[in-house]
Amino acid sequence: MSNAIYTLNAEVRTDLGKGASRRLRHADKVPAIIYGGHQEALSITLDHSKLLQAQANEGFYTHILTIVVGGEEVKTIVKAMQRHPFKPKVMHVDFQRVEAGHELHTVVPVHFINEAAATKKGGIVAHHINELAITVLPQNLPEFIEVDLADVEVGVTLHLSDLKVPAGVTITELAKGAGHDQAVVSVNKPAGKADEDTAE
């Protein structure tokens, strides 16, 4: 995927307030804010069509983005995106500054692979989570966490502690202690299967 998707040009926004935001949206611009780090929050505007195109990629939400403001590059991640209730429009974006050497607390999607192998064994796959809160240094930020179901037997549930995460990634819930080892995915027996076995 090209880096162009992860680079956005922005302008500093001086005209603040609801009326100003409405005018911006009419001009196909999106109001946004960059905060965090050791600098003041920065109000910016983005081109709506470019933002809409970029955010269609799943990686946009978990990748470190470069926002070019006044010729300066600011490294950020998306923290929140406000969408229109029914139109394909982005209303506002919150970006958080990324600083090398400072840990990020963010959420990444979970990708399940080899589900067909589990269903071939007669199991029914049930996802309990589809995203994961992690703590990680910017240079180690993964786009997603992969869960391989190839060797998971029917009747088995994988928990957070069973996941193989990349080096430098900490699962936030697990860091809270053993009582937070949530279920991630189960390969269940089909309903009624046990009854048939006993009936024979």
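A residue counts as buried when its relative accessible area is under 20%, as exposed when that area is over 50%, and as partly exposed in between. With this scale in hand, a tour of the structure, which is a predicted model, can begin at methionine 81. This residue is found in strand 5. Its relative accessible area is 19%, and because the limit for burial is 20%, methionine 81 is classed as buried. Setting aside residues up to four places away in sequence, methionine 81 touches Gln55, Phe60, Tyr61, Val90, His92 and Val93. Leucine 149, by contrast, is 68 residues from methionine 81 in sequence and 32 Å from it in space, C-alpha to C-alpha.

Two of the residues touched by methionine 81, Phe60 and Tyr61, deserve a closer look. The model holds one aromatic pair. That pair is formed by phenylalanine 60 and tyrosine 61, whose ring centres are 5.6 Å apart and whose planes stand at 90° to each other, an edge-to-face arrangement. The partners fall into separate classes of accessibility. Phenylalanine 60 has a relative accessibility of 0% and therefore counts as buried. Tyrosine 61 has a relative accessible area of 26%, so this residue is partly exposed.

Gln55, another contact of methionine 81, leads on to helix 2. This helix spans residues 48–55, and its buried residues are His48, Leu51, Ala54 and Gln55. Viewed down the helix axis, these buried residues fall within an arc of 130°, so they line one face of helix 2. A general feature of helices helps to picture this: an α-helix has 3.6 residues a turn, so residues three or four places apart point the same way. On the other side of helix 2, Lys50 and Gln53 are exposed. The cover over the buried residues of helix 2 includes strand 1 (7–12), strand 2, strand 3 (42–47), strand 5 (72–83) and strand 6 (90–97). Strand 5, the home of methionine 81, is thus among the elements that cover the buried residues of this helix.

The loops offer a further set of details. Glycine 71 lies in the loop between strand 4 (65–69) and strand 5. With a relative accessible area of 70%, above the 50% limit, glycine 71 is classed as exposed. Its C-alpha is 9.5 Å from that of alanine 10, although the two residues are 61 places apart in sequence. Glutamate 99 sits in the loop between strand 6 and strand 7, and its relative accessibility of 22% makes this residue partly exposed. Glutamate 99 touches Gly37, His38 and Pro138, residues up to four places away in sequence being left out. Lysine 75 is 24 residues from glutamate 99 in sequence and 7.5 Å from it in space, C-alpha to C-alpha.

Further along the chain, histidine 180 occupies the loop between helix 4 (172–175) and strand 13 (183–188). Its relative accessibility is 31%, so histidine 180 counts as partly exposed. Leucine 160 and Glu173 are the contacts of histidine 180, not counting residues up to four places away in sequence. The C-alpha atoms of histidine 180 and leucine 160 are 8.5 Å apart, and 20 residues separate the two in sequence.

Two other loop residues stand out by their backbone angles. Aspartate 28, in the loop between helix 1 (18–26) and strand 2 (29–35), has a phi near 65°, a positive value in a residue other than glycine. Asparagine 114, in the loop between strand 7 (104–113) and helix 3 (115–120), likewise has a positive phi, near 60°. Both residues are partly exposed: the relative accessible area is 32% for aspartate 28 and 40% for asparagine 114.

The tour ends at the second largest pocket, which holds about 230 Å³ of space. Its lining is made up of Ile113, Glu146, Val147, Asp148, Asp151, Val152, Leu158, Asp162, Leu163 and Lys164. Strand 10 (residues 145–148) gives the largest share of this lining, three residues. In chemical character the lining divides into five nonpolar residues and five charged ones, with no polar residues.

Notes: Residues numbered from 1 in each chain as written. Predicted model: local features only at pLDDT ≥ 70, side-chain atom pairs only at ≥ 80, totals over all residues. Heavy atoms only, no water. Phe/Tyr/Trp six-rings, centres within 6.5 Å; stacked < 30°, edge-to-face > 60°. Buried < 20%, exposed > 50% of the residue type's maximum accessible area, 1.4 Å probe, protein only. Helix = DSSP H or I, 4+ residues; strand = E, 2+ residues; numbered from the N terminus. Arc of directions from axis to C-beta. Contact = heavy atoms within 4.5 Å. 1 Å grid on protein atoms, 1.4 Å probe; cavity = no way out; pocket = protein on both sides within 12 Å on 5 of 7 lines; lining within 4 Å. Points joined across faces, edges and corners; volume = space filled by probe spheres on them. Nonpolar A, V, L, I, M, F, W, Y, C, P; charged D, E, K, R; others polar.
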